[in-house]
Amino acid sequence: MYMKLGSIYDGYRIFNKMANWDVISWNALLSGFHDDETSDQGTRVFKQMLTDGFTPNMYTFISILRSCSSLSNIEFGKQVHSHIIKNKFVRDGYVGTALIDMYAKCGCMEDVEAIFSRLNEKDVFAWTVIISGYSQTNQGERAARLFNQMRREGVIPNEFTLASSLRGCSAIASLENGRQLHSLAIKAGQSTDMFVSSALIDMYAKCGYIDDAEALFNGMQPNDTVLWNTIICGYSQHGEGDKALKAFRQMINEGFLPDGVTFLGILSACSHMGLVEQGKNHFYSMSESYGITPSIEHYACLVDVLGRAGKFDEIERLIENMELTPNALIWENVLGACKVHGNVELGERAAEKLFQIDPETDSNYILLSNIYASKGRWNDVSRVRKSMSSKGIKKEPGCSWVEIDAQIHVFLSQDSSHPRLLDIHRKMEELRGRVSEVGYIPNTKYVPHNVTEKEKRENLFNHSERLALGFALISKVNGGRIRIFKNLRICGDCHEFIKCVSSTVDQEIVVRDASRFHHFRNGFCSCKDYW
């Protein structure tokens with residue numbers, strides 16, 4: 001009783017006063033060590049139980065595996081797995097599900113597949129855990145295939161299965177799969193479940209349909225912080241900071257307490273809108289008004305707020321005085337801000353920090369190289385690229401993709417492989433003429449290469465997001481909305497180009513880059529050119 005109520009000290013006290021221990025009393029003690037703060041004690045209790053000669057049973061293994069899951073302790077989890085094999089519990093459905101959960105939370109999906117395939121019976125809980133594992137590791141396609149296989153085998157999904165599958169759709173922005181799951185949720189009477197509702201709102205927001213996410217949210221009676229967080233973060237990602245801040249105020253007025261996730265969404269909204277003072281006020285209100293200790297992610301958001309506004313002196317003071325040790329995320333945001341504002345000196349310092357903390361990440365070298373390129377310092381550009389080459393670090397190629405008739409079409413920068421490339425180039429030439437008439441002039445400063453102006457202009461017109469746009473236009477996308485996804489930050493010139501295109505076509509163009517959504521309509525972008 002004490003352990004389940006979280007009274008660890010009282011549970012220990014009662015356990016130690018017992019005259020005789022058996023496996024049941026050990027299991028009762030182990031049952032209290034499943035959260036982040038106490039899970040490490042679970043591993044010590046399990047070891048002591050074995051040392052004292054007790055043989056674990058099914059409940060023992062389920063408890064200790066939950067501790068390993070909370071700790072993401074794969075090494076101890078593997079040791080427990082060997083005891084499970086030794087005690088012949090490896091095919092037990094309940095133990096197997098706990099094993100799958102442990103390996104999934106440690107990101108070991110090959111082990112998950114192997115254990116899942118050996119289970120004698122696969123119930124809805126086992127299916128849910130493996131689907132959730134793939135969703136959490138950004139393998140949404142595999143999660144979707146497993147969900148369909150589960151249904152073919154006659155297993156009926158519950159609300160947790162649906163929520164996990166929807167998270168998988170969010171990760172890969174699979175709108176059609178998400179809509180099918182929404183339909184299933186409605187038919188099963190589960191669309192109003194808290195977990196499913198939150199996952200649906202998140203799915204529509206991450207697939208570029210914030211209006212549908214908003215309609216869903218407005219049709220509900222939000223009864224927990226998670227739902228508020230989902231819509232606040234959705235608004236923020238889509239550049240609708242005013243709505244994010246309004247939702248935050250409404251949330252507080254209705255008596256819901258914000259948590260750390262709420263403030264990540266709010267700080268992001270302030271960053272995208274350039275609301276420096278509001279961002280600072282919200283950051284300091286976390287501890288002063290709500291008793292929330294800012295995490296490194298919150299500090300990184302505040303750095304982003306200040307960096308986008310070019311407040312470099314304040315950034316340096318913040319980093320100098322912050323209670324946490326600055327990590328890669330902090331310095332990445334500093335470096336990104338230096339790229340936007342051309343701050344070479346601080347950019348060099350931030351890059352050096354990143355080369356020490358995370359020397360294998362290509363984007364850090366590329367950002368520094370681009371800062372040098374923007375200043376025409378080609379010798380320094382060459383030095384950075386040689387450093388990358390000597391360390392075996394390769395630049396991640398920019399790629400964009402668009403979904404047409406439930407098929408994903410991927411484009412690389414300067415792509416020459418697509419079967420309709422000639423049609424795409426013809427469309428791009430047509431668009432080149434249209435946008436020139438509305439005032440578009442290529443900005444070659446976004447080509448960080450020491451080549452001729454003509455070569456720079458041709459390079460810009462073959463960026464991956466433009467090729468994806470050209471293909472979407474010749475494919476006559478249904479529904480009046482073109483959705484393009486890109487793995488990197490959208491090029492500044494491509495942003496201007498697509499703005500101009502949106503004034504010449506009767507379609508909304510939505511681009512999701514590495515950090516946010518851009519909605520282009522009638523020659524304007526939702527980011528108001530501040531991103």
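Arg377 counts as partly exposed, at 32% relative accessibility. The terms here are buried for under 20% relative accessible area, exposed for over 50%, and partly exposed in between, with a 1.4 Å probe and protein chains only. Arg377 sits in the loop between helix 22 (362-374) and helix 23 (378-390). Helices (H or I, at least four residues) and strands (E, at least two) are DSSP runs, numbered from the N terminus. Leaving out residues up to four places away in sequence, Arg377 touches Val344, Glu348 and Tyr372, where contact means heavy atoms within 4.5 Å.

Before I go on, the ground rules. This is a predicted model, in which local features need pLDDT of at least 70 and side-chain atom pairs count only at pLDDT 80 or more, while totals for chains, interfaces and linings use all residues. Residues are numbered from 1 along each chain as its sequence is written, and side-chain values use heavy atoms, with hydrogens and water left out.

Now the chain as a whole. Its secondary structure comes to 27 helices and six strands. Of the 531 residues, 52% count as buried. The C-alpha atoms fill a box of roughly 90 × 55 × 55 Å along the principal axes. The radius of gyration is 26 Å, which agrees with the value near 24 Å for a compact globule of 531 residues. That radius is taken over C-alpha atoms, and the globule rule is 2.2 Å times the number of residues to the power 0.38. Among contacts with a separation of 6 or more, 62% are between residues 24 or more positions apart.

Next, the sheet. How are the six strands ordered? They form an open sheet in the order 2-1-3-4-5-6, with mixed pairing. Two strands pair if DSSP finds at least two bridges between them. The edge strands, strand 2 and strand 6 (524-525), each pair on one side only.

Starting from the strand 2 edge, strand 1 (residues 399-404) and strand 2 (residues 407-412) are antiparallel, with six bridges. Val402 has His409 in strand 2 as its bridge partner. The hairpin has two residues between the strands, and Asp405 there takes a positive phi near 50°.

Strand 1 also runs antiparallel to strand 3 (residues 481-486), joined by three bridges. Trp401 is partnered with Phe485 of strand 3, and Ser400 with Lys486. On to strand 4, where strand 3 pairs in the parallel sense over five bridges; Ile482 stands opposite Ile509 there.

Is strand 3 covered or open to the outside? It is mostly covered, with six of its six residues buried. Arg481, Arg483 and Phe485 point one way, Ile482, Ile484 and Lys486 the other, and all are buried. To link back to the opening residue, the C-alpha atoms of Arg377 and Arg481 are separated by 41 Å, with their positions 104 residues apart along the chain.Two more residues have a positive phi without being glycines. Gln414, at about 60°, lies in the loop between strand 2 and helix 24 (421-437). Gln414 is partly exposed, with a relative accessible area of 36%. Asn522, at about 50°, lies in the loop between strand 5 (517-521) and strand 6. Asn522 counts as exposed, at 63% relative accessibility.

Then helix 27 (residues 492-502). Of its 11 residues, 10 are buried, so the helix is largely enclosed by the rest of the structure. The buried residues include Asp493, His495 and Lys499. Their cover includes helix 24, helix 25 (453-461), helix 26 (464-474), strand 4 (508-512), strand 5 and strand 6.

Last, a pocket. On a 1 Å grid over the protein atoms alone, a pocket is an open set of points where a 1.4 Å probe fits, with protein on both sides within 12 Å along at least five of seven lines; lining residues have an atom within 4 Å of a point. The second largest pocket has a volume of about 410 Å³. Of its 21 lining residues, Thr128, Ser132, Gln136, Phe160 and Ser164 are the closest to the centre. Which helix gives the most to the lining? Helix 8 does, with seven residues.

Technical notes:
Points joined across faces, edges and corners; volume = space filled by probe spheres on them.
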